[in-house]
Amino acid sequence: MFLFIRIKTELILEWMAKKGLQLEDIAIDITGGTKTMTVGVFLVAEEKKIDSQYIFCRQYLNNKCVNGTQEALLLSDFDHL
């Protein structure tokens, strides 16, 4: 499963490149995935030096994030390279 996730992530990145996006124009959001998916996608982002983020929720109500309490956390920032 892990290899499948990595391959699919790379295929998506190739599709984005064909549409004219550069890697520095892309940020990968790992919010909401399974553990395996999150790790696979994050590792591809790190290898390709693509910024990655996670959306953190500060407050929940009935197991759902309260609108307006979300915060984007930048996990990797490759702008400095």
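These are my notebook entries on a predicted model of one protein chain.

**Entry 1: the overall layout**

I began with the secondary structure. I counted 2 helices and 5 strands in the protein chain. Reading along the sequence, I noted the pattern α-β-α-β-β-β-β. For the extent, I looked up the C-alpha trace, which spans about 40 × 30 × 20 Å along its principal axes. The chain has 81 residues, and 25% of them count as buried. I also checked how far along the sequence the contacts reach. Among contacts with a separation of 6 or more, 51% are between residues 24 or more positions apart.

**Entry 2: the two helices**

How do H1 and H2 pack, and at what angle? Helix H1 covers residues 2-18 and helix H2 covers residues 35-47; I found an angle of about 50 degrees, with the axes 9 Å apart. That angle makes H1 oblique to H2. The crossing of H1 past H2 is right-handed.

Next I listed who meets whom. From H1 the list holds Phe2, Ile5, Arg6, Thr9, Glu10 and Leu13. From H2 it holds Thr36, Met37, Val39, Gly40, Val41, Leu43, Val44 and Glu47. Sorted by class, this contact has 8 nonpolar, 3 polar and 3 charged residues.

**Entry 3: two charged residues of H1**

I picked Arg6 and Glu10 from that list for a closer look. Arg6 belongs to helix H1. Is Arg6 buried or exposed? Its relative accessibility is 16%, so Arg6 counts as buried, the cut-off being under 20%. Setting aside neighbours within four places in sequence, I found Arg6 in contact with Gly40, Leu43, Val44 and Glu47. Each of those four residues also appears on the H2 side of the helix contact.

Glu10 is in helix H1 too. With a relative accessible area of 28%, Glu10 is partly exposed. Leaving out neighbours within four places in sequence, Glu10 is in contact with Val44 and Lys48. Val44 thus turns up for Glu10 and for Arg6. I also looked up a C-alpha distance here: Glu10 and Ala45 are 35 residues apart along the chain, and their C-alpha atoms are separated by 9.3 Å.

**Entry 4: strand S2**

Strand S2 runs over residues 51-57, and I looked at Ser52 in it. Ser52 has 0% relative accessibility and therefore counts as buried. What is Ser52 in contact with, leaving aside neighbours within four places in sequence? I noted Ile28, Phe42, Ala45, Glu46, Leu73, Leu74, Leu75 and Ser76.

Further along, Phe56 also lies in strand S2. At 32% relative accessibility, Phe56 counts as partly exposed. Not counting residues up to four places away in sequence, Phe56 touches Thr69, Gln70, Glu71 and Leu73. Leu73 is on the contact list of Ser52 as well. From C-alpha to C-alpha, Phe56 and Ala72 are 6.2 Å apart in space, with their places 16 residues apart in sequence.

**Entry 5: the disulfide**

How many disulfides does the whole structure hold? My search found 1. Cys57 and Cys65 are the partners, with an S to S distance of 2.0 Å. Cys57 falls within the residue range of strand S2, and Cys65 falls within that of strand S4 (64-65). I looked up the torsion about the S-S bond: about 100 degrees, so this disulfide is right-handed.

The two partners have their own accessibility values. Cys57 is buried, with a relative accessible area of 9%. Cys65 is partly exposed, at 29%.

**Entry 6: the S3 to S4 loop**

Last, I checked backbone phi values. As a reminder to myself, most residues other than glycine have a negative phi. Which residue did I look at in the loop between strand S3 (60-61) and strand S4 (64-65)? I started with Asn62, which lies there. Asn62 is not a glycine, yet it has a positive phi of about 55 degrees. Its relative accessible area is 71%, and Asn62 is therefore exposed.

Asn63 is in the loop between S3 and S4 too. Asn63 has a positive phi of about 65 degrees, again without being a glycine. At 77% relative accessibility, Asn63 counts as exposed.

Key. Residues are numbered from 1 along each chain as its sequence is written. This is a predicted model: local features need pLDDT of at least 70, side-chain atom pairs count only at pLDDT 80 or more; totals for chains, interfaces and linings use all residues. Side-chain values use heavy atoms; hydrogens and water are left out. Axes are lines fitted to C-alpha atoms, for helices over the stretch in contact, and angles run from 0 to 180 degrees between N-to-C directions. Angles under 35 degrees count as roughly parallel, over 145 as roughly antiparallel, 65 to 115 as roughly perpendicular and the rest as oblique. A crossing is left-handed if the near helix is turned anticlockwise from the far one by less than a right angle, and right-handed if clockwise. Contact means heavy atoms within 4.5 Å. Ala, Val, Leu, Ile, Met, Phe, Trp, Tyr, Cys and Pro count as nonpolar, Asp, Glu, Lys and Arg as charged, and the others, Gly among them, as polar. Buried means under 20% relative accessible area, exposed over 50%, partly exposed in between (1.4 Å probe, protein chains only). A disulfide is a pair of cysteine sulfur atoms within 2.5 Å.
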